[in-house]
Amino acid sequence: MAVILVALAVTAALAATPSVADLDAHARATGNRKDIAVAVGDQLFRQQWPAQVMQVAANEMGAHLVLGLRISGVHFHRPLTRDQFYAEIASLVGECFAAAPQAEEIDIWTTVPLSVGKGVVVAGDLAKPTSRTVFTLSARRGEAPSSLAERLRGGEDVFVDEEWARTAFKSST
């Protein structure tokens, strides 16, 4: 009887243990609809993306829901070409819309840290920036994946810091 009770207790404890994806989704979720950010993060963090997803935001204004993804521009899990980075961005957009069908837009931005001196104010009204945006894209629901890929390749409505891109990506040759 005692062995059965111990086995049941271990099974219950294992069943209640959250996955790494669950922990990441909760830790990296922000916005006024954190529940949706967690659900999207839960989907995204089931795999390891080459360009690390740092934050998932969900904000609702009236009947409008907008998602935001912040990606690290320095901590790639493996070397990427520019085309591979763009393919990942397109995949992330698709995953986000699948995980949050009510979302109408996804804003993606990639940041790199800035070096700040010791004793520099980094919070509040006098805060100095601690990161710099090096890539941005806004994708609307219903945009065809081919249209998104074309926008990424052509740079239409996409911001890319070319100085960052020269050092961030491996050569495609």
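This is a tour of a predicted model, stop by stop, for use with the structure open in a viewer.

**The whole chain**

Start with the cartoon view of the complete protein. Its secondary structure amounts to 6 helices and 6 strands. Read from the N terminus, the order of elements is α-α-β-α-β-β-α-β-β-α-β-α. Switch to a surface view next: the accessible surface is about 10100 Å², and carbon and sulfur atoms account for 57% of that surface. The protein has 173 residues, of which 34% count as buried. Among contacts between residues at least 6 apart in sequence, 61% join residues at least 24 apart.

**Strand β1: Thr-30**

Select Thr-30, which belongs to strand β1 (residues 29-30). Thr-30 is partly exposed because its relative accessible area is 27%. Now show its surroundings. With neighbours within four places in sequence set aside, Thr-30 is in contact with Ala-37, Gln-55, Val-56, Ala-57 and Ala-58. Pick the C-alpha atoms of Thr-30 and Val-56: the distance is 6.3 Å, although 26 residues separate the two in sequence.

While in the N-terminal part of the numbering, also select Arg-33, Asp-35 and Glu-60. A network of salt bridges links these three residues.

**Strand β4: Thr-110**

Move to Thr-110 in strand β4. Is this residue buried or exposed? Thr-110 counts as buried, because its relative accessibility is 0%. Display the residues around it, ignoring those up to four places away in sequence. Thr-110 then touches Ile-71, Ser-72, Gly-73, Phe-85, Arg-132, Thr-133, Val-134, Phe-135 and Trp-164.

**Salt bridges at strand β5**

The model has 7 salt bridges by the rule applied here. Two of the pairs to select next involve an arginine of strand β5.

Select Glu-105 and Arg-140. Their side chains form a salt bridge, with N and O 3.1 Å apart. Glu-105 is in strand β4 and Arg-140 in strand β5, so the pair links distant parts of the chain, 35 residues apart. Glu-105 counts as buried because its relative accessibility is 17%, while Arg-140, at 46%, counts as partly exposed.

Then select Asp-161 and Arg-132. The closest N and O atoms of this salt bridge are 2.4 Å apart. Asp-161 sits in the loop between β6 (158-160) and α6 (162-168), and Arg-132 is in strand β5, so the salt bridge ties together parts 29 residues apart in sequence. Asp-161 is another buried residue, with 15% relative accessibility; Arg-132, at 31%, is partly exposed. Arg-132 has already appeared on this tour, among the residues that Thr-110 touches.

**The loop between β4 and β5**

Follow the chain from the end of β4 (105-113) towards β5 (131-140). Ser-115 is in this loop. Ser-115 is exposed because its relative accessible area is 76%. Add Pro-129 to the selection: its C-alpha atom is 9.2 Å from that of Ser-115, and the two residues are 14 apart along the chain.

Next, select Val-116, found in the same loop between β4 and β5. What does Val-116 make together with Val-120 and Val-122? The three valines make a nonpolar surface patch of about 200 Å². Val-116 itself counts as partly exposed, because its relative accessibility is 33%.

**Helices α4 and α5**

Show helix α4 (residues 82-99) together with α5. Two packed helices are described by the angle between their axes and the distance between the axes. Here the axes come within 10 Å and cross at roughly 145°. The crossing of α4 past α5 is right-handed. To see the contact, select Tyr-86, Ile-89, Ala-90 and Val-93 on α4, and Leu-148, Leu-152 and Arg-153 on α5.

**Last stop: Glu-150 and Arg-153**

Stay on α5 and keep Arg-153 selected, then add Glu-150. These residues form a salt bridge whose closest N and O atoms are 3.3 Å apart. Glu-150 and Arg-153 lie 3 residues apart in helix α5 (residues 145-154), so about one helical turn separates them. Arg-153 is exposed, with a relative accessible area of 57%, whereas Glu-150 is partly exposed at 48%. Arg-153 thus appears both in this salt bridge and in the contact between α4 and α5.

Note on methods: Residues are numbered from 1 along each chain as its sequence is written. This is a predicted model: local features need pLDDT of at least 70, side-chain atom pairs count only at pLDDT 80 or more; totals for chains, interfaces and linings use all residues. Side-chain values use heavy atoms; hydrogens and water are left out. Patches are made of residues with over 30% relative accessible area and no salt bridge: like charges are joined within 9 Å, nonpolar side chains (Val, Leu, Ile, Met, Phe, Trp, Tyr) within 5 Å. Accessible areas come from the Shrake-Rupley method with a 1.4 Å probe; for residues, only the protein chains shown count as cover. A salt bridge is a side-chain nitrogen of Lys or Arg within 4 Å of a carboxyl oxygen of Asp or Glu. Helices (H or I, at least four residues) and strands (E, at least two) are DSSP runs, numbered from the N terminus. Buried means under 20% relative accessible area, exposed over 50%, partly exposed in between (1.4 Å probe, protein chains only). Axes are lines fitted to C-alpha atoms, for helices over the stretch in contact, and angles run from 0 to 180 degrees between N-to-C directions. A crossing is left-handed if the near helix is turned anticlockwise from the far one by less than a right angle, and right-handed if clockwise. Contact means heavy atoms within 4.5 Å.
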